[in-house]
Amino acid sequence: MTTQKTPVTVIGLGPMGATMAETFLKAGHPVTVWNRTASKAAPLVAQGATLAATPADALAANDLVIISQIDYQAMYDSIGSATGSLEGRVLVNLSSDTPEKLRAAGAWAAGHGADLITGGIMVPPPGIGQPGAYTFYSGSEAVLEKHRETLKVLTDVTYVGADQGLAMLFYTAQLFIFWSSLASYMHAVALVGSAGVAPETFRPYGAATIGDLAGDGPMGFVKILTAEIEKREYPGELNSLLMQAVSSDHVVEASRAAGLDTAYPTALRDLFWRAVDMGHGADGLGSLFEALKTPAKA
Ligand code: NDP
């Protein structure tokens, strides 16, 4: 006897939603799809998906509704006129937006008798359905548990809490590390490149620094700073923040001399000096955390 896999509706067929719908189909789940631009559903229909004629039909088709669109406004634009079909549905919105928008959407869904699970996907479309992929989820744990096995077809399920904004807070935090680390790496490549050093020549050194920061060795500052932040104590006897602020001036000057855009290193330099001005010159690098938590006066 074969057991029927949970049927799912997928709303939004951009690169991410289309990949999700295809992944569900390949795993044997009956899939209903809806997209503002209906033509994008054709390849999925060819693989066995059902194209819903309207958003209301898409909601009526299945209890579990996966949404993947550009932002949360797109959800209101799509199903906002079909709220009569929301009763009893579990909406799993995997679109990106701000934590506040996610919380508001949770209240909106509840007002129409639906549960909203929010998610932040931590892989690009080719990672969907692949080992190691994960998504941060928040909202009702009981509701999520009911659908964990189905959602695991897409990625591993990492639950971060009941507050529906949390998935996007974790996602945004990770995105910030991703972008700023890689922007720093690219700035570094441009800096050495100004003297004719090939990117590939510099890569092993840059890669080692990125790896070492997350490690347990003397350069393992992710761990070291986390412990300092937990205590809000930032010893600076061996390498004071003042010493590093002066060096951050050198980074700006070297970047200018290399003919690079200096907006990014200048923003970093200003943060260092603001922490020094707050009285942290004799503390360590971790004291930047205090400046980050204290917005500059306009
Ligand atoms: P997009 O973010 O470009 O989203 C495209 C989808 O949004 C399409 O289905 C599009 O419909 C729909 N859409 C946009 N505006 C509206 C609207 N006003 N009303 C109805 N539908 C609308 O592409 P992705 O698929 O790449 O991303 C989807 C989500 O996944 C985003 O929130 C993104 O941040 C997130 N994400 C994406 C990753 C990636 O690598 N692609 C990685 C991690 C997260 P139409 O086809 O009609 O234009």
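This is a short tour of a predicted model, starting at the ligand and ending in the sheet. Local features need pLDDT of at least 70 and side-chain atom pairs 80 or more, while totals for chains, interfaces and linings use all residues. Residues are numbered from 1 along each chain as its sequence is written, and side-chain values use heavy atoms, with hydrogens and water left out.

Select the ligand and the residues around it (those with a heavy atom within 4 Å). There are 23 of them, and Asn35, Thr37, Lys40, Gln69 and Ser96 are the closest. Colour this shell by type: 11 residues are nonpolar, nine polar and three charged, with Gly counted as polar and Tyr and Cys as nonpolar.

Next, show the polar atoms. A ligand oxygen lies 2.9 Å from a polar backbone atom of methionine 16, and a ligand oxygen lies 3.1 Å from one of leucine 13. At aspartate 77, a side-chain N or O atom is 3.0 Å from a ligand nitrogen. The ligand taken alone exposes 890 Å², of which the protein buries 77% (Shrake-Rupley areas, 1.4 Å probe).

Now show helices (DSSP runs of H or I, at least four residues) and strands (E, at least two). Helix H1 (15-26) and helix H4 (72-79) are the elements that give two or more residues to the shell. H4 supplies the largest share, three residues.

Move on to the open sheet. Its eight strands run in the order E3-E2-E1-E4-E5-E6-E7-E8, with mixed pairing; strands pair if DSSP finds at least two bridges between them. Strand E3 (50-51) and strand E8 (156-161) are the edges, each with a single partner strand, so one side of each has no neighbour in the sheet.

Finish at strand E7 (residues 134-138), which is parallel to E8 and joined to it by five bridges. Select tyrosine 137: its bridge partner in E8 is tyrosine 159.

Conventions. A polar contact is a pair of N or O atoms within 3.5 Å; within protein, one must be able to donate a hydrogen and the other to accept it, and residues adjacent in sequence count only if both atoms are side-chain atoms.
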